[in-house]
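Me: I'd love a close look at one part of this model, with some of its surroundings for context. Could you walk me through it?

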Amino acid sequence: MPVITELAPVANALDPVPQDELFPIREVARLTGINPVTLRAWERRYGLIQPTRTESGHRLYSMHDVEAVREILGWIERGVAVSKVGKILAKNRTAQAQLKAPPDEGLQGEYGQWRDQLQLAVSAFDEPQLERLYGQIFSSYALPVVFQQIFLPFWKQLLQERDAFGQTCEWLFLDGFLRARITQRRLLQQATQTQHLLLCALNQQCRELELLVAALLLGNDQLGVRLLAPGAPLEELTLVCEKLKPVALVVFSNHAPSAELPRRLKRLALTLDCPLMLAGDAADLAQDSFSGSPVACLGNDGRLLHKRLRQFLGGHLDT
């Protein structure tokens, strides 16, 4: 049977915890930074969380609920209204179910254990141990799992908590480590890459690490990815593509798309000699707006990104 956890006030918010423990609402508030009033509102008004109840009516939350709260917070920080988050979460879970069977709870616990070990290494600023964990994780899982199930969720958690004393330096340590390793991996691939696509961030709507991970997931030994630093104006991308002649231009954003984004991208697509694609969370959120247009939506699921890329490129890739 699950146990109710009553942690002492001095406990670290990122201390490893068994997956079957249940937490009272005040502990969830401490772990996530979301106050109890807001947690209750998310449950009552939007049905975003469904905690269990004791016989006396007290709410109890699982670690799955805690992760759901962090996911909700992540969408809100990207500009999505809380009233729309439920629809996005449901759509993502439907997409996961279509890919394969629901996520294995044992695997999710396994990923959590890796993140716990990463936390110990990062909190000690132990780069040799972080390097060892990085190598072990890479040798154990496919690339999308490495980043989208293990490293990025932990990185985002530290990012959300970076305002706490000491947390900023931990996040910077991890961020710098991952950016350096991804850059190194991409350099090793360049010797065999014969074609390139151009990847750029939409305004400032992602951090450099997110863009680097997208580049890693989109590329392979044959298809390279050239990056433009965040901040490149959409209006100048046609000129850049004329000079670089990529097989495709991919615009990346993890924020909620603005109302004018579909119009701007459709107009950009008409000026290009190569396909235009949208990747990141914005692609999932705005997919319906691009139906029937020349702009292809790749989404943000690492297991599907490259498959969709090849599907949309068709004859543009050499075989």
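Which residues of α1 and α2 meet each other?

Reply: Happy to take you through it, with the reminder that this is a predicted model. On the α1 side the residues are I25, V28 and A29, and in α2 they meet P36, L39 and R40. By class, this contact of α1 with α2 has 5 nonpolar residues, no polar ones and 1 charged.

Now for the geometry of that pair. Helix α2 covers residues 36–46, and its axis lies 9 Å from that of α1, with a packing angle of about 105°. Roughly perpendicular is the class for angles of 65 to 115 degrees, and α1 and α2 therefore count as roughly perpendicular to each other.

Helix α1, residues 25–32, also packs with helix α3, residues 63–77. Here the angle is about 45° and the axes are 10 Å apart. That value makes α1 oblique to α3, and the crossing of the two is right-handed. From α1 come V28, L31 and T32, which meet V66, V69, R70 and L73 of α3. The contact of α1 with α3 divides into 5 nonpolar residues, 1 polar and 1 charged. If you are following along in the viewer, V28 is a handy residue to centre on: V28 is listed in the contact with α2, and V28 is listed again in the contact with α3.

Staying with α2, have a look at E43, which lies in this helix. Buried means under 20% relative accessible area, so E43, at 13%, counts as buried. The side chain of E43 has a polar partner: the side chain of R59, at 2.6 Å. Setting aside neighbours within four places in sequence, E43 is in contact with L48, I49, P51, R53, R59 and Y61. R59 is thus both a polar partner of the E43 side chain and one of the residues on that contact list.

For the wider setting, the chain has 13 helices and 8 strands. Of its 319 residues, 47% count as buried. Among the contacts in the chain with a separation of 6 or more, 67% are between residues 24 or more positions apart.

Another helix pair is worth setting beside the ones above. Helix α7 (residues 143–160) and helix α9 (residues 208–218) have axes that come within 11 Å and cross at roughly 175°. Angles over 145 degrees are classed as roughly antiparallel, and α7 and α9 are therefore roughly antiparallel to each other. On the α7 side, the contact is made by L143, P144, F147, Q148, L152, W155 and K156, while α9 brings in L209, E210, V213, L216 and L217. These residues divide into 9 nonpolar, 1 polar and 2 charged.

From α9 you can move on to helix α13, residues 302–313, where H306 is found. L217, named above for α9, is one of the contacts of H306. The full list, leaving aside neighbours within four places in sequence, is L217, L218, G219, N220 and L223. With N220 there is also a polar contact, side chain to side chain, at 3.0 Å. H306 counts as buried because its relative accessibility is 16%. K307 is found in α13 too, but K307 counts as exposed, with 61% relative accessibility. The C-alpha atoms of K307 and L218 are separated by 9.1 Å, although these residues are 89 residues apart along the chain.

Finally, two loop residues deserve a moment for their backbone. Most residues other than glycine have a negative phi. F125, however, has a positive phi, near 50°. F125 sits in the loop between α5 (105–123) and α6 (127–140), and at 42% relative accessibility F125 counts as partly exposed. K245 is not a glycine either, and its phi is positive as well, at about 50°. You will find K245 in the loop between α10 (237–244) and β6 (249–252). With a relative accessible area of 67%, K245 is exposed.

To come back to where you started: I25, V28 and A29 of α1 meet P36, L39 and R40 of α2, in a pair of helices that are roughly perpendicular to each other.

Key:
Residues numbered from 1 in each chain as written. Predicted model: local features only at pLDDT ≥ 70, side-chain atom pairs only at ≥ 80, totals over all residues. Heavy atoms only, no water. Axes fitted to C-alpha atoms, helices over the stretch in contact; angles between N-to-C directions. Helix = DSSP H or I, 4+ residues; strand = E, 2+ residues; numbered from the N terminus. Parallel < 35°, antiparallel > 145°, perpendicular 65-115°, else oblique. Left-handed = near helix turned anticlockwise from the far one by under 90°. Contact = heavy atoms within 4.5 Å. Nonpolar A, V, L, I, M, F, W, Y, C, P; charged D, E, K, R; others polar. Buried < 20%, exposed > 50% of the residue type's maximum accessible area, 1.4 Å probe, protein only. Polar contact = N/O pair within 3.5 Å; in protein donor to acceptor, adjacent residues only side chain to side chain.
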